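Please consider the following briefing on nonpolar packing, surface exposure and aromatic pairing.

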Amino acid sequence: MNGPSRRPIAARNTSWAAAAARALVRAGLKPNTISVLSAVFGGVAGLSFWFAGRVEAPAAWIACMVGAMAGMQLRLLCNLFDGMVAIEGGFKTKSGEVFNELPDRFSDAFVFAGAGHALSTGHAWMPTLGWLAAVLAVTTAYVRAMGAAGGASQHFCGPMAKQHRMAVMTVACLIACAAPWWAVAAKALTIGLSVVVVGSLVTIVRRTGRIVRDLESR
């Protein structure tokens, strides 16, 4: 993982994050392993969404929503600690950037494609919405990487950067926990995916504009 491409995360400067990173270093966990785990946790979130569309018991539905929230937040923690462990433990590798980027793209695909299958009846268009969110989420990262490959600075601007996407879907899951007793709450997942789609489109336009201006000014 290379320093110049690191996403600015405020939590990196907190004492708890520094202590956790040191503990991971002492445990011998390598940053590339942590990066791969982010995709694993993204898969947990995606599977939780998928199972939610196939359960009937209220407790099972809530368990699926909690599983999805846990998977998404653990994915973000992996994104936080992989770089910190690389620096704290001196574990930077030449292939670190590949491990830093590729698992994240799988994580996005798992989360949003899975979310599209969370509602099993009366929402035939939901899978399409989920896959659209997945494609656009991956595209936001592609635009940033494309700009960097062309010589521009790394542009992490939103409004729907990675942490924003996960925040939107986590809130949607939290509201959707009430769906067994309040059917309208299930619409939070649809709204969440819609927000991600629209926000990702805006993000793609903003990043592209900044990259073009950056390159033209050099």
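The points below cover the cores, a surface patch and the aromatic pairs.

This is a predicted model in which local features need pLDDT of at least 70 and side-chain atom pairs count only at pLDDT 80 or more, while totals for chains, interfaces and linings use all residues. Residues are numbered from 1 along each chain as its sequence is written, and side-chain values use heavy atoms, leaving out hydrogens and water.

**Nonpolar cores**
- The largest nonpolar core (buried Ala, Val, Leu, Ile, Met, Phe, Trp, Tyr and Cys residues joined through side-chain atoms within 4.5 Å; buried means under 20% relative accessible area, exposed over 50%, partly exposed in between, with a 1.4 Å probe and protein chains only) has 40 residues.
- Phe49, Met65, Phe112 and Leu189 touch the most other members of this core.
- Apart from it lies another core of 5 residues, including Ala17, Leu80, Phe81 and Met84.

**Surface patch**
- Val36, Val40, Val44, Val98, Phe99, Leu102, Phe106 and Phe110 make a nonpolar surface patch of about 640 Å² (residues with over 30% relative accessible area and no salt bridge, nonpolar side chains being joined within 5 Å; a salt bridge is a side-chain nitrogen of Lys or Arg within 4 Å of a carboxyl oxygen of Asp or Glu).
- Phe106 is partly exposed, at 42% relative accessible area.

**Aromatic pairs**
- The structure holds 3 aromatic pairs (ring centres within 6.5 Å; planes under 30 degrees apart are stacked, over 60 edge-to-face, the rest tilted).
- Trp16 and Phe81 pair edge-to-face, 6.1 Å centre to centre with 85° between the planes.
- Trp16 is partly exposed at 46%, whereas Phe81 is buried at 9%.

Note on methods:
Patch = residues over 30% accessible without salt bridge, like charges linked within 9 Å, V, L, I, M, F, W, Y side chains within 5 Å. Areas by Shrake-Rupley, 256 points an atom, 1.4 Å probe, with all protein chains shown as cover. Phe/Tyr/Trp six-rings, centres within 6.5 Å; stacked < 30°, edge-to-face > 60°.
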